[in-house]
Amino acid sequence: EWDRWLLMGLIGAAVGMLGFLTHQIIDCLIKLKWDLVENYLQVSKRNADVLIYLSPGQDGDIHMTWLCALGSGLAMVVLSSGSVLFFCPAGSPLGLPEIIGYLNGTSIQHLFNIKTFLGTFVSCVLAVASGLFCGPEGPMIHLGALLGCGLSQLQSDTLGIHLPIFTRFRNSADKRSFITAGAGAGIASVFRAPIGGLLFTLEEVSSFWDTRLAWQTFFCCLMATFTTDLLSSSFYGFVYRGHFGFFEAEKRIIFWVKNLLDMNILAFVPTILLGMLGGLLGALFVTLNIKINKLRMQFFNSIPKSSLRKTSKLLETVLILVISRVPLVANLGSGKNFLVLDVGCILSFPCSSEQGSAAALLVENGKQGITYLFKRGTHEEFGYTALCTALAFYFILSCWTAGSAVASGLVIPMLYTGALYGRIIGLILVSIFGVQTNEYGAWIDPGLFAAIGAASFFSGVSRLTISLTVIMVS
């Protein structure tokens, strides 16, 4: 069995490198986009972590600022949608549902084609960097499964490659096992959670399972996480920063929370409420998404010409991005100061108005925004109006984006949506009991309930329980 374990390790390492590459390209594209915008803004204060800009209405050109921000996003989303519609053989953004279908006995044409791999990868990084309300998690699972298939079979009809090694694995059972491990490695690389990747494949992906496959999948997930952590320890934006092999907790944990809180049994009361709210909103999200996709299919199927149908799908993604950039227009036109976190990681809070705060929440990079919503000790950073406005806007736009003609994931939108209403519940508790400084009342913190809310909505939409818990605490 040494060759099987060797292949599992190689697949894990390859998926880990792909995960590292995906995040590095996304970060570079986001930074490039906001470096262009920065040319039309007047910097009033700068330090190592925060850039504070003056309003473009004072010293900058608001129209060029808006056109630059929107234009760069539109270019990315057009290329993202075009790579799926006109390059992938299947003509649609294949992802997790198709992988689950294949592993449970459904044959899907072109699912593991090399062109599908390239189209999905390009579409994923461009869609996330463009500013659409989506994440790279779903496509990473698909890409991991593609690597699992390709490296285990070592043959490609498209490229005309048929290597005479590992031929004993060229059967449907072994092929399915390696694809399962690759899919688990994809989720493990994204969240740096090898156990979470194993449990995700067991709970969500595959129905053909045994103890041997569990151990080999865990080894594959472990290699993927280790490879991503190792490369990320010294590179940021493809620039070598030193400290190779030094695993800092703050960089390794995707949603780093510095201050831990002592728990009180009273905290379970709002937690139960958040769980019920997550189930209800999760069911609403799924129902609404199904209805949107049915209407989308009816509309596009009514268009007779294939080329016109694909163009219409591309224009839909453009429309979604334009609507998603409305908060940016509101922020730039507010005539107030705003700030940017992590250089280009995007316009963030606080503006000196509720409108500005809501706009800042919606133009924030998803991963950075979730991290800030989880932050402890920020009891009154956002008001009810900003959080409720951002929640409604993000809920609808992320539901519309899911199923459009780009390779995108739903995990970041689910976590962000849950974090928003979880923070609202935390803010209600602060309004009732005030800001508590003693150790017995420290649990009344909006950041804590943002994390619980994120888990509740994620679970409400995905129906995951065990693997989600492990992913959230990893």
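This passage describes the overall make-up of the chain, the packing of helix 11, and the surroundings of helices 6 and 8.

The model is predicted, so local features are reported at pLDDT of at least 70 and side-chain atom pairs at pLDDT 80 or more, while totals for chains, interfaces and linings use all residues. Residues are numbered from 1 along each chain as its sequence is written, and side-chain values use heavy atoms, with hydrogens and water left out.

The chain contains 19 helices and eight strands, taken as DSSP runs (H or I of at least four residues for helices, E of at least two for strands) and numbered from the N terminus. Of its 474 residues, 53% count as buried; here buried means under 20% relative accessible area, exposed over 50%, and partly exposed in between, with a 1.4 Å probe and protein chains only. Among contacts (heavy atoms within 4.5 Å) with a separation of 6 or more, 75% join residues 24 or more positions apart.

Helix packing comes next. Two packed helices are described by the angle between their axes and the distance between the axes. The axes are lines fitted to C-alpha atoms, for helices over the stretch in contact, and angles run from 0 to 180 degrees between N-to-C directions. Helix 11 (residues 268-301) and helix 18 (residues 446-462) have axes that come within 7 Å and cross at roughly 40°. That angle makes helix 11 oblique to helix 18, given that angles under 35 degrees count as roughly parallel, over 145 as roughly antiparallel, 65 to 115 as roughly perpendicular and the rest as oblique. The crossing of this pair is right-handed, meaning that the near helix is turned clockwise from the far one by less than a right angle. Residues of helix 11 in the contact include P270, G275, G278, G279 and G282, and those of helix 18 include F449, G453, F457 and G460. By class, the contact has 10 nonpolar, eight polar and no charged residues; Ala, Val, Leu, Ile, Met, Phe, Trp, Tyr, Cys and Pro count as nonpolar, Asp, Glu, Lys and Arg as charged, and the others, Gly among them, as polar.

Helix 11 also meets helix 16 (residues 384-401), with axes that come within 9 Å and cross at roughly 45°. This pair is therefore oblique as well, and its crossing is right-handed. Helix 11 contributes L281, L284, F285, L288, N289, I292 and R296, facing F395, S398, C399 and W400 of helix 16. Eight of the residues in this contact are nonpolar, two polar and one charged.

Helix 6 (residues 137-153) is mostly covered, with 15 of its 17 residues buried. Just after helix 6, L154 takes a positive phi of about 50°. Helix 6 is also among the elements that cover the buried residues of helix 8, together with helix 4, helix 7, helix 9 and helix 19. Those buried residues are P194, G196, G197, L198, F200, T201 and V205. I195, also in helix 8, is partly exposed, with a relative accessible area of 46%, and it touches F218 and V470, not counting residues up to four places away in sequence.

Two loop arginines round off the picture. Most residues other than glycine have a negative phi. R192, in the loop between helix 7 and helix 8, has a positive phi near 55° and is buried at 13% relative accessible area. R463, in the loop between helix 18 and helix 19, has a positive phi of about 65° but counts as exposed, at 53% relative accessibility.
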